[in-house]
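Please look through the sequence and the three-dimensional model below, and keep both in view while you read the explanation that follows.

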Amino acid sequence: MIASRLHNLSIEIKLFLAQGVVTISALSVLLTIVLGYGYMSFRSDLTKDLDTQANIIDHNSTAAILFDDKKAANEILSSLSLMGSINRAYLFNDEHMMLARYEKDKALHQGEPIRLSALRKRSSTFKTHILIKDIRLDNQIIGTLFIEANLEKLNTRLSLLFLAGLVAAFSGLIISFLISIKINKFLTQPILTLTNLVAKVSSTHDYSVRSDLLTKDEIGRLAVGINAMLSSIELRDEQLENELAKQKLSEKALDRLAYYDTVTQLPNRHYFNQRLSNKIAEADKLNKTCCLMFIDLDDFKVINDTYGHRVGDQLLADVGSRIKENLQAEDEVFRIGGDEFAILLFDNKQFSHARELASTLIRHCAEKFIVNNNDLFIGVSIGVSGSTHHNEEKLDLLRSADSAMYRAKSEGKNNFKFFSKEIDDEAHFRNYLETALRGALSRNEFEVYYQPIFHLKSEQMVGFEALLRWHDPVYGDISPTVFIPSAERTGVIISIGEWVLRQACLQQKRIRDQFSIDLMMNVNLSGRQLRESDVVHKILDIVSETNIDPTSLNIELTESVLMDNSQSTINKFNDLRAAGVSISIDDFGTGYSSLSYLKRFPINTIKIDRSFVLDLTNNSEGQAITLSIIALANTLKLTVVAEGVETEEQKKILKLNNCEKAQGFLFSKPLAADELHEFLEKSSFSTMRAQR
């Protein structure tokens with residue numbers, strides 16, 4: 001029926017209708033293609049943007065996940081705020097625990113529990129795009145990244161594109177009805193031009209091209225719209241490139257923070273751990289020895305405490321520069337923490353390069369440093385170890401170099417030592433000590449001995465010093481000079497020191513109860529204990545708990561402890577003195593003897609080191625030092641006690657020069673608790689009274 005009607009129409013109408021059908025069909029197809037391409041292009045761009053951001057976050061967040069650094073992880077996710085299309089993002093560790101979160105609308109999900117299992121069930125829609133990425137390290141999943149982006153911008157662009165296409169189609173349809181086929185051909189040429197432009201842009205992704213059509217009709221306006229769209233896309237790409245450049249700069253900054261020390265600008269411990277394994281493997285391929293040098297600055301703490309952390313940091317930077325200046329091209333230096341540096345280098349089996357470098361560093365680092373107009377001098381102790389076979393573990397090298405450095409420091413500092421079997425045995429013994437000390441107290445392996453102290457003029461006992469002894473089941477009796485440094489290094493000296501103080505106070509109370517006398521109890525306090533903020537409270541609590549007179553307790557400290565010279569330390573001493581507890585300087589003259597701390601600290605007693613007393617009768621210099629210390633103490637109205645008195649001649653000289661008290665084998669050896677009571681029972685206390 002329709003065909004019969006068409007047969008009856010004029011050719012003009014037929015052509016008009018045919019043109020209308022062709023035009024409508026063509027414009028519909030074109031609009032569909034443009035919209036489909038636009039949707040695919042916009043969504044593809046969004047997907048690429050999200051993939052790029054996810055890859056950047058993947059690379060940057062590895063360290064934060066490994067070290068559970070929530071602050072760094074949140075800073076990494078915060079960069080997503082620059083993409084307005086991101087609704088929210090979450091970073092989970094390998095245990096599916098949230099490490100960091102970013103939410104565009106912070107109030108939207110406030111209080112809601114966020115679970116990775118629930119997020120994995122979400123899928124992309126026409127309104128949102130979901131990206132879930134597993135973060136891997138060495139093919140192991142260490143975390144998961146979830147990103148949800150909105151498609152508002154995409155839908156807006158599609159609406160605009162659809163509207164523009166609809167306007168163009170409608171305009172073309174009207175024009176096609178008004179002009180002839182010949183004019184139609186003329187009009188299709190601009191459309192073809194625009195089509196070619198779109199095809200070129202689609203194939204080359206060159207958004208800098210523009211349409212040359214300057215007509216003011218509908219096709220011209222379409223060209224203007226396309227040009228505007230291309231300008232918008234080109235601007236977006238420029239912004240994206242700038243954003244990627246910023247991300248790369250941020251990535252470099254994060255890498256710098258992760259792998260380099262901010263004080264010395266040298267590679268840090270994290271980078272050192274990576275390079276050590278690689279260096280060992282490289283040395284094996286080159287048939288060379290991988291050599292590790294541990295460098296520790298001698299007495300750096302004294303400079304740091306005296307001049308402040310700013311000077312200390314600058315000194316570390318200068319030391320790092322001086323070390324670097326003496327390295328060869330393949331040598332690598334790292335600051336691995338505190339005042340410790342490490343050097344990795346290739347060497348031969350005779351370690352000739354390491355020997356020469358160690359000697360050079362010791363010599364050059366001993367030269368003067370000038371920091372903030374201060375002339376500073378510092379030494380270095382160096383431990384050296386080398387890989388002797390390709391299966392050498394990096395932990396073995398680390399332990400060996402550390403043991404060698406420890407030996408160099410114990411032998412007077414400012415020298416270097418190569419790892420050896422002897423050092424290895426010492427390291428094993430030191431490790432045994434540190435392990436055994438942790439349980440020695442609970443196993444009742446400690447015992448407190450007491451050495452009497454006598455008043456020289458009256459020759460009566462006026463007190464005793466508590467001395468710790470360790471009866472180890474493996475090595476037998478171990479000297480305090482051996483195990484006390486290990487106890488201080490591991491921190492167990494705090495609990496051991498409290499136990500010694502309590503035992504000494506209880507012993508003082510037993511003597512008072514049995515003999516009705518108050519003899520002065522002298523107890524050593526380590527520097528590690530003194531650094532505890534509550535040390536004064538602990539001492540006074542034990543005094544109160546054992547019910548002794550605080551004036552019968554004397555705390556002995558070495559001169560090195562007083563080098564701290566901080567107001568906090570002085571306040572602790574003042575609190576003890578206010579409570580009645582006396583304070584002594586032990587081994588006076590062997591450390592950094594200074595009249596300044598005799599003035600600043602509330603000290604009662606000076607104890608002359610046994611080394612000076614030993615030289616009292618056979619060395620004029622030793623005698624001069626001893627007599628000077630006695631004269632100084634008497635001038636300052638301080639009690640002076642001589643340690644290590646072994647002969648009558650020593651006793652006579654001390655007594656003639658007004659030394660008030662003495663202790664040593666001439667009077668009594670250190671006694672166990674039972675022996676001390678027997679010693680007191682044999683002495684006459686009917687008239688003896690403690691003299692202070």
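A salt bridge, in the sense used here, is a side-chain nitrogen of Lys or Arg within 4 Å of a carboxyl oxygen of Asp or Glu, and a residue is called buried when its relative accessible area is under 20%. With these two terms in hand we can turn to Asp 586, bearing in mind that the model is predicted.

Asp 586 belongs to strand 17, which covers residues 582-588. Which side chain of opposite charge is nearest to Asp 586, and how many Å away is it? The nearest one is that of Lys 607, at 4.5 Å, and Asp 586, although buried, has no salt bridge. Leaving aside residues up to four places away in sequence, Asp 586 touches Glu 465, Asn 524, Glu 556, Leu 557, Thr 558, Glu 559, Lys 607 and Glu 643.

Another residue to consider is Ile 295, which is found in strand 5, residues 289-298. Is Ile 295 buried or exposed? Ile 295 counts as buried because its relative accessibility is 3%. Its contacts, again not counting residues up to four places away in sequence, include Ile 323, Phe 341, Leu 361 and Val 380. Val 380 shows how the chain brings together residues from separate parts of the sequence, since Ile 295 and Val 380 are 85 residues apart in sequence and yet 6.4 Å apart in space, taken from C-alpha to C-alpha.

We can now step back to the whole protein chain, which has 24 helices and 20 strands, and of whose 692 residues 45% count as buried. Among the contacts between residues at least 6 apart in sequence, 66% join residues that are at least 24 apart. The accessible surface of the chain comes to about 36,500 Å², and 54% of this area belongs to carbon and sulfur atoms.

On that surface, one nonpolar patch is formed by Leu 66, Phe 67 and Leu 137, which together have about 300 Å² of accessible area. Leu 137 has its place in strand 3, residues 128-137, and it counts as partly exposed because its relative accessible area is 33%.

A patch of another kind, a negative one, is made up of Asp 68, Asp 69, Glu 75, Asp 94 and Glu 95. Within this patch, Asp 68 lies in the loop between helix 2 (11-66) and helix 3 (70-78), and its relative accessibility of 47% is why Asp 68 counts as partly exposed.

How values were computed: Residues numbered from 1 in each chain as written. Predicted model: local features only at pLDDT ≥ 70, side-chain atom pairs only at ≥ 80, totals over all residues. Heavy atoms only, no water. Patch = residues over 30% accessible without salt bridge, like charges linked within 9 Å, V, L, I, M, F, W, Y side chains within 5 Å. Areas by Shrake-Rupley, 256 points an atom, 1.4 Å probe, with all protein chains shown as cover. Lys, Arg positive; Asp, Glu negative; His and termini not counted. Charge placed at Lys NZ, Arg CZ, Asp CG, Glu CD. Helix = DSSP H or I, 4+ residues; strand = E, 2+ residues; numbered from the N terminus. Buried < 20%, exposed > 50% of the residue type's maximum accessible area, 1.4 Å probe, protein only. Contact = heavy atoms within 4.5 Å.
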